Amino acid sequence: MGDPCLNSPRRVLSLSKERERATVDKSSGFAVSKENGPNPSEVYGFVGSISTVVATVLFLIWAYIPEPWLQSVGITYYPSRYWAFAVPIFAMVAAVLAIGFYVGLNFMVTPPPTSFNTMFDEYSREATNFADTTRGEEQPIEPLSDIGINKINDLMFNSLN
């Protein structure tokens, strides 16, 4: 307990977990982990990244190598070159329209600034008179409520005088 480095409960807990996970191999003197094998999310990420790179290389070969070269290699069946330009353009236009639609939908459902719905809704609660009945060190927390606009205006503008 006299170790000055172990002053934090988190540090003590993390060190105890490290000791549980690793055992020392007697022949080599190195710590050997009890957990064997890769994490499944790491495997999926690795396979996904390799698949993405392979698909991108195949797309670029299909899009930019001339047709006679592909036919000389023996590749005779492939989609039309029209799709090399149509699909990325379609994806970009769809993304721009989706963002525009999302922003427009938010503008449509937002009430105007003059509406009372921006200040009050069905979940608004008025502050109740909270009588402090206990006089001591521990006091109860006041019930949750909204601050009225008149109190906010009074605090912001009348306290300046």
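Helices (H or I, at least four residues) and strands (E, at least two) are DSSP runs, numbered from the N terminus. Keep that handy for these exercises on a predicted model.

**Exercise 1.** Work out how many helices and strands the chain has, and in which order its elements run.

*Solution.* Start by counting: there are 5 helices and 2 strands. Now walk along from the N terminus, and you'll read α-β-β-α-α-α-α.

**Exercise 2.** Find out what the chain looks like over the residues that UniProt annotates as "transmembrane region".

*Solution.* First, get the ranges: the unreviewed UniProt entry puts this annotation on residues 43–65 and 85–109. Next, take residues 43–65: they're 96% helix and 0% strand, with the end C-alpha atoms 33 Å apart. Then do residues 85–109: here you get 100% helix, 0% strand and 36 Å between the end C-alpha atoms.

**Exercise 3.** Decide whether Val-53 is buried or exposed, and say which surface patch it helps make.

*Solution.* Locate Val-53 first: it sits in helix 2 (residues 40–64). Exposed means over 50% relative accessible area. Val-53 has 51%, so it counts as exposed. Finally, look at its company: Val-53 belongs to a nonpolar surface patch of about 940 Å², whose members include Phe-46, Ile-50, Val-57 and Leu-58.

**Exercise 4.** Place Asp-121 in the chain and classify its accessibility.

*Solution.* Asp-121 is in the loop between helix 4 (82–109) and helix 5 (149–158). Partly exposed runs between the 20% and 50% cut-offs. Asp-121 comes out at 43%, so partly exposed it is. On the surface, Asp-121 joins Glu-122, Glu-126 and Asp-146 in a patch of negative charge.

**Exercise 5.** State what share of the chain is buried.

*Solution.* Of the 161 residues in the chain, 5% are buried.

Technical notes: Residues are numbered from 1 along each chain as its sequence is written. This is a predicted model: local features need pLDDT of at least 70, side-chain atom pairs count only at pLDDT 80 or more; totals for chains, interfaces and linings use all residues. Side-chain values use heavy atoms; hydrogens and water are left out. Patches are made of residues with over 30% relative accessible area and no salt bridge: like charges are joined within 9 Å, nonpolar side chains (Val, Leu, Ile, Met, Phe, Trp, Tyr) within 5 Å. Accessible areas come from the Shrake-Rupley method with a 1.4 Å probe; for residues, only the protein chains shown count as cover. A salt bridge is a side-chain nitrogen of Lys or Arg within 4 Å of a carboxyl oxygen of Asp or Glu. Lys and Arg count as positive and Asp and Glu as negative; His and the chain ends are not counted. The place of a charge is taken as NZ of Lys, CZ of Arg, CG of Asp or CD of Glu. Buried means under 20% relative accessible area, exposed over 50%, partly exposed in between (1.4 Å probe, protein chains only). UniProt positions are given in the numbering used here, feature names are shortened, and annotations may be inferred rather than shown by experiment.
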